[in-house]
Structures are given as C-alpha cells and as structure tokens.
Amino acid sequence: MTSAVIGRAARVGGAERVLGEAEVREFVGAQLAGLDLDGRSVCVLVPDATRTCPLPLLVGAVHEALHGRVSRLTVLIALGTHGAMSAEALDAHVGVHPDTQVINHEWWKPSTFADLGTIPSARIEELSGGRMHGDVPVLLNRAVVEHDVAIVVGPVLPHEVVGMSGGNKYFFPGVAGQQIIDVSHWLGALITSAEIIGTTDLTPVRALINDGAALIPAETYAFCVVTAEMADDPDVPGLAEGDRSSALHSVSFGDCVASWASAAEISAATHVTYLERPVHRVLSIVPAMYDEIWTGAKGFYKVEPVVADGGEVILYAPHITEIATSHPQIHEIGYHCRDYFVKQWERFEHIHWGVLAHSTHLRGAGSYDAETGVEQLRVRVTLATGIPEEVCRAVNLGYRDPATIDLAAFTADPDTMVVPRAGEVLFRLR
C-alpha cells in the first residue's frame, strides 16, 4: 500500500485508481494506531443516507481499530436538519458493531446542544463583505463535547453552500444549532451557488465553519473519502449487484482542515465534468437516496452552471412526494432568486435563513425589480415527481407528469443532457 503525505494529512489512493477494501481497512487501522486513544472516549461523525459512502466498510474499520482500546465509542449521524433515521435504517447504513452506540443528531431538541461560545459580529461582517452582521452563537451536539476525541468519517463532494463538502462541515451544520446553520447557508446564498459550488479554496462559508470548529474542546480528526462513481462491475471487490457506493478513489486522514483539503483535490479531479458549450435542457434523474426536494434539489445545483440562458432543468423523481417535511416555511415563500429576498428583506427576514438559502439555490440566478415587482429567472425548473401540479405551481416551480418522461427520447435529443444518478457530480463549462 502506498500513501502520500499532504501537509498534515496522510492519503491512500488517487484520482486514477479505485481502492480495494483491504487497502481501506489497512489505512484506517494504521492511522488510528498512531493516535493516543487508549482509555479515551471517541465520537465518530458520519453522514446520513443522502450521501454516497461505504459507511459499513469505513465504520467497521474504525471499530476494528478502536474496539477494546477506547472507553466508549459513539457514532453520531450528522443530519443537519434532515429527518431522523430509523433503527433499522441505521443498522443498514453503518452496520452493526458491538459495544457501539449509534444515534441521530436530534436537532429538534434544545437539550441536544452545548454552547461553545460566539463568533463575533465583526467576523461575520468581514466574511460577508459587510452584507451580514450580528453575533452568532455556536451550539453543537453535546455528544461531541462529552467525548475526548471526535473523528469525522465521510465523503468530500462539490457543494452548493460551502464549495466542497466534508471535514468540519460535519460539525457545522452537520450537528450544529439553528443559528449557525442559518448564517452559513445564507452567506453561501448571498455569494450564490453557481459562484461557490466546487470551489476548493477557502470560501467565506468554509472559513466560518472552521471558526466554529476551533471552539470544539474535543480533539478532532477526519477520514475524508472520495467515492468512485462506477457502473456495477463484478470485477470490482465489494460492489454488490446494483451498488454504486462501495468503491473509493481515496481516503485522507489528519486534522479536519488538512484531510479535507487533501480529499477536495481528488474530488475536484473526479466529481467535476466539463462541457465545451451550454446545453438547452437537462434531465436530472434523481436517485432514491433523496426522498424530498429539500435534498433532491441537488440534481439542479450540480447542473445549473452548464444550462444556457432560458434553458430548463427537469428533476425526474417519481418517488419524491414532498417538498420538505421538516421545513414547511418553503411553502410560505416559494422558490425565488436571491435578489427577490434581498430587495424585500423586511418581508422575509423572519424566515429561517437556511430555508431562504435553499429557495435561492433551487431557483438559481435571476433578478428582481423592486419597483415593478417583476422577477426574471435565468433557467426554468420543472418537477417531474410525485408532487401534485398545484403544489409545484404554488411554490413557483414548473410541473410535468413523470409518466410523460421518455428516457430513450430524451437521451436521443441533441438539445438535452440526461444525467443519471444526479446530485453528486458537478457539471461546468470550460
């Protein structure tokens, strides 16, 4: 096994290869063997089911390396504000490991959180270029605080809010309180998804997240992985029939900043597809792991940069029947461009800023004239889902009966780009 040292992060694998399970287990074991963890408590933060990642393999390797060494091992699901996973879903998601507690981040309970302090208004003004102000309380799931060591285990992918996901993002917003979630997402929305998505540099949102993470009293580390987007292949070890989530390009380990940067480099080389010219229409086939538009909207975020002005993105997801069960405010405000909210701030400042951000991310670029009340949007967004037409229209989105979607015809259409399993690979113009 070969590994490269990137700053303070060790890495195995790379953009041009796929790791075998034995390599992954060996690397995880070797990295954890080098940490002073004997007799200490460890909290492992992992994504929920809206991220492609071979968690049974990774969590299993961590458990194998730590079981019998540590005093307590807890796996915490970084839900952000997504819905909780059932006990059965958790077993399938991370595997069953002896003497290990697996818990949801119960973001809806005030008792979940510990107060780590405050990010001052001056810093918020600096990061936002003067567009935002106010102190931000830093609340974090107390399970992190009540363990000696916290280890992030999860993928790095192009992301609409922070640039590249992963690393410290598993703390904020993964297991954080509402205010820092709202501030971080609205900061990203002000910059706009199209501007920030896929950026491997230190974005203002990433800087805010790192500021919050600096207040965590536990030692923090991260295994940042980059998944391989593969067709089913019986020759690839670990790939069960129909499974596209068990292969990895790379695993990086170190502090949460260095390991993230190491993985972001690989993700930028493997999860971004470049086109020579814009496309008029995109049919994004939204996979089953996204069960609401709240998460299924990633099928829009990842393709928006390549859609021509006046073009259309169709989110094809017959299995989705809800906009966002945990965020009913989206039905109150609908989907609009950033300036629609910014130029009518007194109407909308009471709405959770994370909801406002989601709205702008799915509606994409546009303009709003406050004098005429006219909103002009660059791209049409159409839902071909199980959501009724009247609901789609009410939130300012287009509707198409999913039964009318002929995949073969769309694939043959030169004006249409069909994206299978949309939501994780980013498309950009050269």
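A contact here means heavy atoms within 4.5 Å. Keep in mind that this is a predicted model: local features need pLDDT of at least 70, side-chain atom pairs count only at pLDDT 80 or more, and totals for chains, interfaces and linings use all residues. Residues are numbered from 1 along each chain as its sequence is written, and side-chain values use heavy atoms, with hydrogens and water left out.

**Exercise 1. Find out which residues phenylalanine 172 touches, and where it sits in the core.**

Step 1: Skip residues up to four places away in sequence; phenylalanine 172 then touches Leu116, Val138, Leu139, Leu140, Ile180, Ile209, Gly212, Ala213 and Ile216.

Step 2: Now look for nonpolar cores (sets of buried Ala, Val, Leu, Ile, Met, Phe, Trp, Tyr and Cys residues joined through side-chain atoms within 4.5 Å). Buried means under 20% relative accessible area, exposed over 50%, and partly exposed in between, with a 1.4 Å probe and protein chains only.

Step 3: The largest core has 97 residues, and Phe172 is among those with the most contacts inside it, along with Leu45, Val144, Phe171 and Leu362. Helix H6 (residues 178–191) gives the most to this core, with eight residues. Helices (H or I, at least four residues) and strands (E, at least two) are DSSP runs numbered from the N terminus.

Step 4: Apart from that core lies another one, of 38 residues, including Val44 and Tyr221.

**Exercise 2. Work out why cysteine 43 is in no disulfide.**

Step 1: Take the cut-off, a pair of cysteine sulfur atoms within 2.5 Å.

Step 2: Go to the closest cysteine sulfur, in cysteine 256; cysteine 43 makes no bond with it because the sulfurs are 12 Å apart, which is too far.

Step 3: Try cysteine 256 next. Its nearest cysteine sulfur, that of cysteine 224, is 6.9 Å away, and cysteine 256 is in no disulfide. Searching the whole structure turns up zero disulfides.

Step 4: Check the accessibility too: cysteine 43 counts as buried at 0%, and cysteine 256 counts as buried at 4%.

**Exercise 3. Pick out the unusual backbone spots.**

Step 1: Start from the background: most residues other than glycine have a negative phi, and most peptide bonds are trans.

Step 2: The peptide bond from phenylalanine 172 to proline 173 is cis, with omega near 10°. Proline 173 is in the loop between strand S10 (163–164) and H6.

Step 3: Aspartate 99 isn't a glycine, yet it has a positive phi of about 60°. You'll find it in the loop between helix H3 (87–94) and strand S5 (100–104), and it is exposed, with 64% relative accessible area.

Step 4: Arginine 421 also has a positive phi, near 50°. Arginine 421 lies in the loop between strand S20 (416–419) and strand S21 (426–429), and counts as partly exposed at 24%.

**Exercise 4. Decide how far to trust the chain.**

Step 1: pLDDT is the predictor's confidence in each residue, from 0 to 100. The chain's mean is 92, and 94% of its residues reach 70 or more.

Step 2: Mark the weak stretches. Over residues 1–5 the pLDDT is below 50, and the model gives this stretch 15 contacts beyond near neighbours in sequence. Over residues 230–244 it stays under 50 as well, with 22 contacts beyond four places in sequence.
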